[in-house]
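Open the model in your viewer and have the selection tool ready. The stops below go from the whole chain to individual helices.

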Amino acid sequence: MSKIATPGAVRGTQDIYGEAEERFAQVVTSFDRIRKLYGFKGLILPAIEPTAVFARSLGETTDVVSKEMYSFADRGGDSITLRPEFTAGIARAYITGGWQQYAPMKVAAHGPLFRYERPQKGRYRQFHQIDAEIIGAAKPTADVELLVMADHLLDELGIKDGVTLNLNTLGDAESRDAWHAALLEYFGDHRGALSEDSLRRLETNPLRILDSKDPDDRGICHGAPKIDAFLSHAAQDFFGAVTAGLDAAGVAWQRNAQLVRGLDYYRHTAFEFITDRLGAQGTVLGGGRYDGLIEQLGGKPTPAVGWAAGIERLAMLLNQWDISPLAIAIVAEHPEREQACIKLTARFRKAGFCAEQFVSGSPRKRYDRARKASPAILIALDLRDGAATQSLNRLDGGYARGNEAEALFAAHDFA
RNA sequence: GCGAUCGUAGUUCAAUGGUUAGAGCACCGGCUUGUGAUGCCGGAAGUUGCGGGUUCGAGUCCCGUCGGUCGCCCCA
């Protein structure tokens, strides 16, 4: 007989329980509350999409599509992909569902996403995000509304301290192309001093050199052309309206001219809320305006802006979160009182109390275990000298429903 | 894909290359306590991730492998 080998969890996945689950739930609950305040409708979408949804929106040749997606052929032979992001799926739903009729559309989603990456702090292969998008809104007020909501959420979660909003503009298509060309020329001139990684970026994605972590690269980037010199008047006005809106709403921000997006469909606003408390993974919430995406998926040209945030990262930053405290613990200190304990527990639960019964293990130790569960009220059922006894002890004087619970206890038939 | 680092009881961690691999917490049982969150006694719990090697002797040193963690790349 060989020992049965238990299969392990898939690399980069997590079993979330206990404190981690409580933190996670706090993020989702707060997000759901806040997004309703801002009129964002909930959206529940498939976790799987045709591979083309992501391949077309992200670009067939990017690392993301070629190496980091969970793709497989289903039984019919179609190529299916586990969603690596929300935005592309939302754009697909917007087009195929004929949702132009609802534009401008404010939607919010959350759930699991999948990327085949090397796990590290705050990065998993199955991870979870909250996501908010405004589709069909061309005006900068939409960008502002999204950013105000993000700021509000971080405040609600109590993690605003140490998190700063980094803001940049990528300009419109003409601005961006001109800047791109200038960067190519500049970095080309400094080719000799660039790191190996950045030399490769020069070929594949020059904008990305701007957020290189290499110290030498950083020095070169310091003198690189800034987008501001290439912004059209329209693009300047757009960015000015965004910053003015943020100031009006009292949202603190800082300009970060090095902040870029990797993909071509991004326009105008780009932003990240960044912390120094999460090691190398400092971005807790990020997004931007992607006016080109829906067209790229075959829809009519549709302006859109959105953001997403990793639930795990937000959860790690929480300092406090709601737990559901135990209201009533009911102990059977004698085996013959166990049925009475079950009956009373059921009654309290149906009356809307969070109640727990202690009917297993050593009868003599049940009381101590019940106390360790930190209930507001502790009820003990015992059998002393053949006579049934029951007592109620209020351990938390501040518990709001104490009197109600005592009345229910007093009225209960213990027979 | 690349690099660093760590894998010992359910868990957090000990154990100079040298007896039968230990302790706290958690768990189970007994005794105190009797409105008691305490205390005492006992029990169960291990292929030291896995596979090779060096050695009289390996949890410890070496090689490989798998896994965790952190970083690079990438980051939609």
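Start by colouring chain A by domain: domain 1 takes residues 19-172 + 232-317, and domain 2 takes 328-414. This is a predicted model. Place a marker at the C-alpha centre of each domain; domain 1 and domain 2 are 48 Å apart by that count.

Next, select helix α1, residues 19-37. Its end C-alpha atoms are 27 Å apart, which agrees with the 27 Å that 19 residues should span at 1.5 Å a residue. Show the side chains of R23, F24, Q26, V27, V28, S30, F31, I34 and R35, the buried residues of α1.

What do the buried residues of α1 pack against? Add strands β1 (41-42), β5 (105-114), β6 (126-135) and β11 (304-310), together with helices α5 (140-156) and α11 (311-317); these are the packing partners. Then step just past the end of α1 to G39, where phi is positive, at about 75°.

Now move to helix α8, residues 215-222. Select D217, I220 and C221, which are its buried residues. Look down the axis of α8: these buried residues line one face of the helix, because they fall within an arc of 100°. Turn to the other side of α8 to find P215, D216 and H222, which are exposed.

To see what the buried residues of α8 pack against, bring in α6 (173-189) and α7 (196-204). Finish at the start of α8 with D214: one of its side-chain oxygens comes to within 2.9 Å of the backbone nitrogen of D216.

Key: Residues are numbered from 1 along each chain as its sequence is written. Chains are lettered from A and ligands numbered from 1 in the order in which they are written. This is a predicted model: local features need pLDDT of at least 70, side-chain atom pairs count only at pLDDT 80 or more; totals for chains, interfaces and linings use all residues. Side-chain values use heavy atoms; hydrogens and water are left out. Domain bounds come from an automatic or database domain assignment. Helices (H or I, at least four residues) and strands (E, at least two) are DSSP runs, numbered from the N terminus. The expected span of a helix is 1.5 Å times one less than its number of residues. Buried means under 20% relative accessible area, exposed over 50%, partly exposed in between (1.4 Å probe, protein chains only). Contact means heavy atoms within 4.5 Å. The arc is that of the directions from the helix axis to the C-beta atoms. A polar contact is a pair of N or O atoms within 3.5 Å; within protein, one must be able to donate a hydrogen and the other to accept it, and residues adjacent in sequence count only if both atoms are side-chain atoms.
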